[in-house]
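Biologist: Please pick one part of this model and take a close look at it for me. I'd like a single connected walk that starts there and then moves on to the rest.

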Amino acid sequence: MIIDFHTHVFPDAIAKSTIDFLASKSGYTPYGDGTLDSLISLMKKGGVDKSVILPVVTKPVQFKKVNEFAASLNNTEKIYSFGGIHPYDETPFEHLDEIKKMGLYGIKLHPDYQNAFIDDIRYIEIIRYALSIGLTVITHAGVDDGCTGAVKCTPDRILRVFDAVYKGNMPIQPRIILAHAGGFKMYEEVIEKLCGLPVYFDLAYVMEAADPDTILSIIRAHGADKILFATDSPWGSPEIGIKKLKAMKLSQEELDKIFSKNALTVLGK
C-alpha cells in the first residue's frame, strides 16, 4: 500500500483560479487542476492507494466553509482529510472540538499563509489543545517559495514550540508532523537540530526539489519509522516521488514504513 500524506484539493468552483494564483506566486507548474477528480487521476497513474488532504484556513472567517468541505471529502473512498484552523481564530478550542466531532484526522497549519510565526503563543495553545483531544498536527516547515519575508517555521522555532508544548516530557509516539522533510530548503539545520526527535517529517515536494542524497541523509539521521511519503499534489507527482524513493538505498522494510505503515499509525488505522 502507498499513502500520500500531503495533498491539496479545492472545491470545483474555485480550484482552477486557486491553483493558477498559487502557481503564479511560487513559480511551480502543477500536475493537476486542484480538483478531487484530478487528485484521484494522479493517484491512479502513480499507484497511490490513499491520500491525505490538508486544507489551509488563510482567514479566520473561512473556518466553517473550509472544514465542511474537508469533512465532505472523508466520505470519498481513498481519502482521509484533516481540518484547518487559523491562529487568530477567536474561539480556537471550540473550533478544535468541532473538527474532532466532524471526524477529521487532525489540523493543518501554515504559518506563512497565516502570517504568524509557529512559536507564537496562539499556535502553541492551539497545538497543545489539539494534541490533548487526540488531533494530529501538521505544519508547513521551512521556506515557502510563494511567500516573501522571514521564514515563519524554522528548526529553532520548532524547538521552542516543543519546549512550550511538551515542557520537557517528549512523547514516545509523535503526534506532530513537519512538512517538507522538517524544513523546506533548510535541510542542514533540520539534520543538526531536529533529526532524532519524536516528530514525523513528510516528504512533500522534496522528492521534486531536493537532491536524493540530501533526502536519504535526512531519512538516515531521523529514522525511517518517522518519515511519511508525501507529494504536495498537485505540486508534486506521485509517479515521480515513488520512483525516486524506490531508487534510494532503502530496505523493503524501510520503504514499507515510509509508504504506508507510519501513515496508518498516525491515522489510527
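**Starting from a pair of strands**

Modeller: Let's start with β2 (residues 50–53) and β3, which run parallel to each other and are joined by 3 bridges. Keep in mind that this is a predicted model, so everything below is computed from predicted coordinates. For a concrete contact in that pair, take Val52: its bridge partner in β3 is Tyr80. Now go to the other side of the pairing scheme, where β1 and β2 also run parallel, again with 3 bridges. There Asp4 has Ser51 of β2 as its bridge partner.

Put those pairings together and you get an open sheet of 3 strands, in the order β1-β2-β3, with parallel pairing. What stands at the edges of this sheet? The edge strands are β1 (3–7) and β3 (79–81); each has a single partner strand, so one side of each has no neighbour in the sheet. On average, neighbouring strands here are turned by 20° against each other, ignoring direction. As background, strands in a sheet pair through backbone hydrogen bonds, in either a parallel or an antiparallel way.

Two helices lie across this sheet. Helix α2 crosses β1, β2 and β3, running at about 140° to β2. Helix α12 (residues 252–267) also lies across β1, β2 and β3, and its direction is at about 65° to β1.

While we're at β3, have a look at Lys78. This residue is in the loop between α3 (63–73) and β3, and its phi is near 80°, a positive value in a residue that isn't glycine. Is Lys78 buried or partly exposed? Its relative accessibility is 37%, so Lys78 counts as partly exposed.

Next comes another sheet. This one is open too, with 6 strands in the order β4-β5-β6-β7-β8-β9 and parallel pairing. β4 (83–84) and β9 are its edge strands; each has a single partner, so one side of each is left without a neighbour in the sheet. Helix α6 (residues 121–132) packs on this sheet and touches β5 (106–109), β6 (136–139) and β7, with its direction at about 160° to that of β5. Inside the sheet, β7 and β8 run parallel and are joined by 2 bridges. Leu178 is part of that pairing, and its bridge partner in β8 is Phe201.

From β7 (176–178), step into the loop that leads to α8 (187–193), and you'll find His180 there. Its phi is near 60°, which is again positive in a residue other than glycine. With a relative accessible area of 5%, though, His180 is buried.

A further backbone detail is in the loop between β9 (227–228) and α11 (238–247), where Pro234 is found. The peptide bond running from Ser233 to Pro234 is cis, with omega near 15°.

On to the rings. Counting rings whose centres lie within 6.5 Å, the model has 8 aromatic pairs. One of them is Tyr28 with Tyr205: the centres are 4.5 Å apart and the planes make 20°, so this pair is stacked. Where do these two tyrosines lie? Tyr28 is in the loop between α1 (12–26) and α2 (36–46), and Tyr205 is in the loop between β8 (200–202) and α9 (206–209), so the pair ties together parts 177 residues apart in sequence. Both tyrosines, Tyr28 and Tyr205, are buried. Ring pairs also join Tyr28 and Tyr205 with Phe184 and Trp235 in a cluster.

For charge over a ring, look at Phe117. Arg157 lies over the face of this ring, 4.0 Å from the ring centre. The charged end of Lys152 sits over the ring of Phe117 as well, at 5.3 Å from its centre.

Last stop, the cysteines. How many disulfides does the structure hold? The count is 0. Cys147 is in no disulfide, and the nearest cysteine sulfur, in Cys153, is 13 Å away. For Cys195, the closest cysteine sulfur also belongs to Cys153, at 14 Å, which is too far for a bond. Cys195 has 16% relative accessibility, so it counts as buried.

Definitions and conventions
Residues are numbered from 1 along each chain as its sequence is written. This is a predicted model: local features need pLDDT of at least 70, side-chain atom pairs count only at pLDDT 80 or more; totals for chains, interfaces and linings use all residues. Side-chain values use heavy atoms; hydrogens and water are left out. Rings of Phe, Tyr and Trp (its six-membered ring) pair if their centres lie within 6.5 Å; planes under 30 degrees apart count as stacked, over 60 as edge-to-face and the rest as tilted. Helices (H or I, at least four residues) and strands (E, at least two) are DSSP runs, numbered from the N terminus. Buried means under 20% relative accessible area, exposed over 50%, partly exposed in between (1.4 Å probe, protein chains only). A charge sits over a ring if NZ of Lys or CZ of Arg is within 6 Å of the ring centre and within 35 degrees of the ring normal. Two strands pair if DSSP finds at least two bridges between them. Axes are lines fitted to C-alpha atoms, for helices over the stretch in contact, and angles run from 0 to 180 degrees between N-to-C directions. Contact means heavy atoms within 4.5 Å. A disulfide is a pair of cysteine sulfur atoms within 2.5 Å.
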